[in-house]
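Visitor: I would like to go through this model with you, one local feature at a time. Please show it first.

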Amino acid sequence: MEMHAAVAEYDAVRDRMTVHASTQVPYYVHLMLSQILGMEMSRIRVIKPHVGGGFGCRTETLNIELIAALLARKANATVRIVTTREETFITHRGRPETDIRLKIGMRKDGRITAVECDCDQRGGAHSGYGIVTILYSGSMLYAIYDLLNVKYTGRRVLTNTPPCGAFRGHGTVDIRFAFESLIDQTAAELGLDPFAVRRANLLTAPTFTDNDLMVNSYGLPECLDWVERESGWKSRKGMLRNGTGIRKGLGMGCSHYISGASKPVNWTGEPHATVKIKLDFDGSIVVLSGAADIGQGSTTILAQTVAEVLGLDLSRVRVVTGDSEVVPKDNGSYSSRVTFMVGNAALDAARNLKSVLVNAAARKLEARAEDIECLGEVYRAGAQDKGATFDEVVTEALKDSGTITVTGNYSTIPESHGAKKYRGAAIGGTMGYSYSAQVVEVSVDEETGVVTVDKVWVAHDCGKALNRLTVEGQVQGSVWMGMGQAMSEEAAYHDGLMVTANMLDYRVPTIQDSPPIEVGIVESNDPYGPFGAKEAGEGSLAAFLPALTNAIADAIGIRFNDLPVTPDRVFEAIEKQRRGAEKLKKTGAGYG
């Protein structure tokens, strides 16, 4: 939510450019600066300072960084640019306005037999991530349910409005809202329970979907069980007590997301992620990573991963990131790739360092490497052996080589690159999908149209929770952000001009609006994730939108297909329903 900013410093004597940018993709900024300035990348240094949040708006190089660098070189000086709130809205890469026409074929037992989806996205004045977004919208119809016979047509339209980009839940949120809403409506027409319909269409992992996405772990069944049980769905659905003018309802929905794309945006053939670990005489472990921490806690996860492998206290590990002159290149924080991909690279690097230390301990203890037992601060050659301290082993390891630097890499396996050839297959899938199920309880004031979210139950399959507090915070943040899109946030335009370019007209939920959010962490232990982990920061967002509108439909019998569901729209729909009922009553009385 902070404004975009950049500081550029040009050294004419050395022909060197240094740019500090509030970005979540330092490498892409580096790459674009080189192209725009006509300078070799080796002459450009990119530093990412602490950034409190990204949410997708910083997954592209923005004009802020480029203009600052061009001006700095022109003036042979240091230039700082901080956008105003209105300028931030105009340069922000928000979610594209999306029109969806969806058909679902369903048998009486709830089994989905066919899907036809037609999707138009307003992309703004530049394509940016648009091709990826429209591809995700189609490809991610799959990997959550067992679907066959799917037809998808996606169109990205350039318009006279600010460009859109990879907003949180990139590509999947609007499609999932339409899909889960239509499933709920169809289930009601067939007299089926919404949970039963989802269970009738579950996948069995490991498997490849019909569009060649590889699903290796699948915790959606457990997510459904958790939210159904904790919300008291079976006993409370349709039984909530209503007050004067207040109607209450329960609704549910499901969602999923990728743990990084199998093919990066800039495909150059190098590993998806690289992490280096430096060990010196002081015994400290320094992790060097280009991964961008934008508040999601990736730096903590890297430190925990290395400490876990080496058996050391977390205080021994320090993570250095965000400076292109110091750390290895990383593609950045987007599509929930960091824990899965950079975490695996950190795991590889830590194991490589452990091997070096074990060999050093073997030399010192005059034993075979395979007989060495690593206890973190102590290395032993047998149960009765006093062993050597970690510091003694470090001294032995450094004796001949000096400072030790090891490298860890990670790349997706070839099977996840998308073996099938079809239009849209090039982006590849991923090696791990997260899953989420939600139940939302609402109260609708029929006199004002105000919808109040009373409580949310959300279960999220993150593979393995490496840091449970972080996972819970990420899931709650996803729900909260979904609540904003569903209930109040809307970028409105008039003749190409934005009329909601401030935080009063563009209303985000505050802590006053936040309901109790009860989180259930489901661990499916993905075989390819670091320690079994998958993404946790985006997958729960999309489920809130349909769960909310399904709950409203349960409360007042009106289904909303347009978002956000603002009080004026709810009030208008209720009035229309009343007028229709009165007209029908009068017509019926006349015939009588």
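Visitor: In which helix does I36 lie?

Guide: This is a predicted model, in which local features need pLDDT of at least 70 and side-chain atom pairs count only at pLDDT 80 or more, while totals for chains, interfaces and linings use all residues. Residues are numbered from 1 along each chain as its sequence is written, and side-chain values use heavy atoms, with hydrogens and water left out. Helices are DSSP runs of H or I with at least four residues, strands are runs of E with at least two, and both are numbered from the N terminus. I36 falls within residues 26–37, which is helix α1.

Visitor: Which residues form a nonpolar patch on the surface with I36, and what is their accessible area together?

Guide: Patches are made of residues with over 30% relative accessible area and no salt bridge (a side-chain nitrogen of Lys or Arg within 4 Å of a carboxyl oxygen of Asp or Glu), like charges being joined within 9 Å and nonpolar side chains (Val, Leu, Ile, Met, Phe, Trp, Tyr) within 5 Å. Areas come from the Shrake-Rupley method with a 1.4 Å probe, and for residues only the protein chains shown count as cover. I36 is partly exposed, with a relative accessible area of 41%, where buried means under 20%, exposed over 50% and partly exposed in between. The patch joins I36 to M32 and L70, and together they have about 220 Å².

Visitor: How many residues of α5 are buried?

Guide: Helix α5 covers residues 173–190 and reaches 26 Å from its first C-alpha to its last, close to the 26 Å expected (1.5 Å times one less than its number of residues). After α5 comes G191, with a positive phi near 70°. The helix is mostly covered, and of its 18 residues the number buried is 13.

Visitor: Which strand is joined to β11 by 7 bridges?

Guide: Two strands pair if DSSP finds at least two bridges between them. Strand β11 (residues 273–279), with 5 of its 7 residues buried, is joined by 5 bridges to the antiparallel strand β12 (residues 285–289), where V275 has S289 as its bridge partner. A273 has its bridge partner, Y410, in another strand; the strand with 7 bridges to β11, also antiparallel, is β17.

Visitor: Which residue takes a positive phi in the hairpin of β11 and β12?

Guide: This hairpin has 5 residues between the strands. The positive phi, near 80°, belongs to G283.

Technical notes: Buried means under 20% relative accessible area, exposed over 50%, partly exposed in between (1.4 Å probe, protein chains only).
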